[in-house]
Amino acid sequence: MDILASEKAVLGCLIHPERLDTVMQETGLARPVAADILRQLHHHGYIKCLDAKGKPVLNYDADRLASVRFTLSAKGFDAL
């Protein structure tokens, strides 16, 4: 997968665990666009999902995307 500029901007926000709202604020992306990018980055292994306690979440509910925190995986760090 080639990393687009918008995806790279999202990756740059996720050095520390962040929620969807923070990604939107820092990148200026609309909610549907930011959510889609997060889903794609997760699908390709560039980011990990964490619950409220910081534990990894393997499967998350896309309808409750706002309650999940995202952070870079090793592959995501390499992509930056």
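The radius of gyration used here is taken over C-alpha atoms, and the globule rule sets it at 2.2 Å times the number of residues to the power 0.38. With that in hand, let us look at the model above, which is a predicted one. For 80 residues, the rule puts a compact globule near 12 Å, and the protein chain has a radius of gyration of 11 Å, so the two agree. The C-alpha trace gives a companion picture: along its principal axes it spans about 30 × 25 × 20 Å.

What is the chain built from? The protein chain holds four helices and three strands. If you walk from the N terminus, the elements come in the order α-α-α-β-β-β-α. Of the contacts between residues at least 6 apart in sequence, 55% join residues at least 24 apart.

Next, the surface. Buried residues account for 34% of the 80 residues in the protein chain. The accessible surface of the chain comes to about 4,800 Å², and carbon and sulfur atoms own 51% of that area. As for charge, the chain has 10 positive and 10 negative charges, and the mean positions of these two sets are 7 Å apart.

Now we can zoom in on strand E3, which covers residues 69–72 and includes Thr71. Is Thr71 buried or exposed? Its relative accessibility is 8%, and because the cut-off for buried is under 20%, Thr71 counts as buried. Setting aside residues up to four places away in sequence, Thr71 touches Leu14, Ile15, His16 and Pro17, and also Ile47, Lys48 and Leu50. With Leu14 there is a polar detail to look for: the side chain of Thr71 reaches the backbone oxygen of Leu14 at 3.3 Å.

Leu72 also has its place in strand E3. At 3% relative accessibility, Leu72 counts as buried. Which residues does Leu72 touch, not counting those up to four places away in sequence? They are Leu11, Leu14, Ile15, Tyr46, Ile47, Lys48, Phe77 and Leu80. For a sense of distance, try picking Val23 in your viewer: Leu72 and Val23 are 49 residues apart along the chain, and their C-alpha atoms are separated by 13 Å.

A few steps further along we reach helix H4, residues 74–79, where Lys75 lies. Lys75 has 41% relative accessibility, and since partly exposed is the class between the 20% and 50% cut-offs, Lys75 counts as partly exposed. Leaving aside its neighbours within four places in sequence, Lys75 is in contact with His44, Gly45 and Tyr46. The side chain of Lys75 reaches the backbone oxygen of His44 at 2.8 Å. Val23 can serve as a reference point here too: Lys75 and Val23 are 52 residues apart along the chain, with 19 Å between their C-alpha atoms.

Our last stop is helix H3, residues 31–43, where Val33 is found. How does Val33 count by its relative accessible area of 39%? Val33 is partly exposed. Its C-alpha atom is 9.4 Å from that of Ser6, and Val33 and Ser6 are 27 residues apart in sequence.

Technical notes. Residues numbered from 1 in each chain as written. Predicted model: local features only at pLDDT ≥ 70, side-chain atom pairs only at ≥ 80, totals over all residues. Heavy atoms only, no water. Helix = DSSP H or I, 4+ residues; strand = E, 2+ residues; numbered from the N terminus. Buried < 20%, exposed > 50% of the residue type's maximum accessible area, 1.4 Å probe, protein only. Contact = heavy atoms within 4.5 Å. Areas by Shrake-Rupley, 256 points an atom, 1.4 Å probe, with all protein chains shown as cover. Lys, Arg positive; Asp, Glu negative; His and termini not counted. Charge placed at Lys NZ, Arg CZ, Asp CG, Glu CD. Polar contact = N/O pair within 3.5 Å; in protein donor to acceptor, adjacent residues only side chain to side chain.
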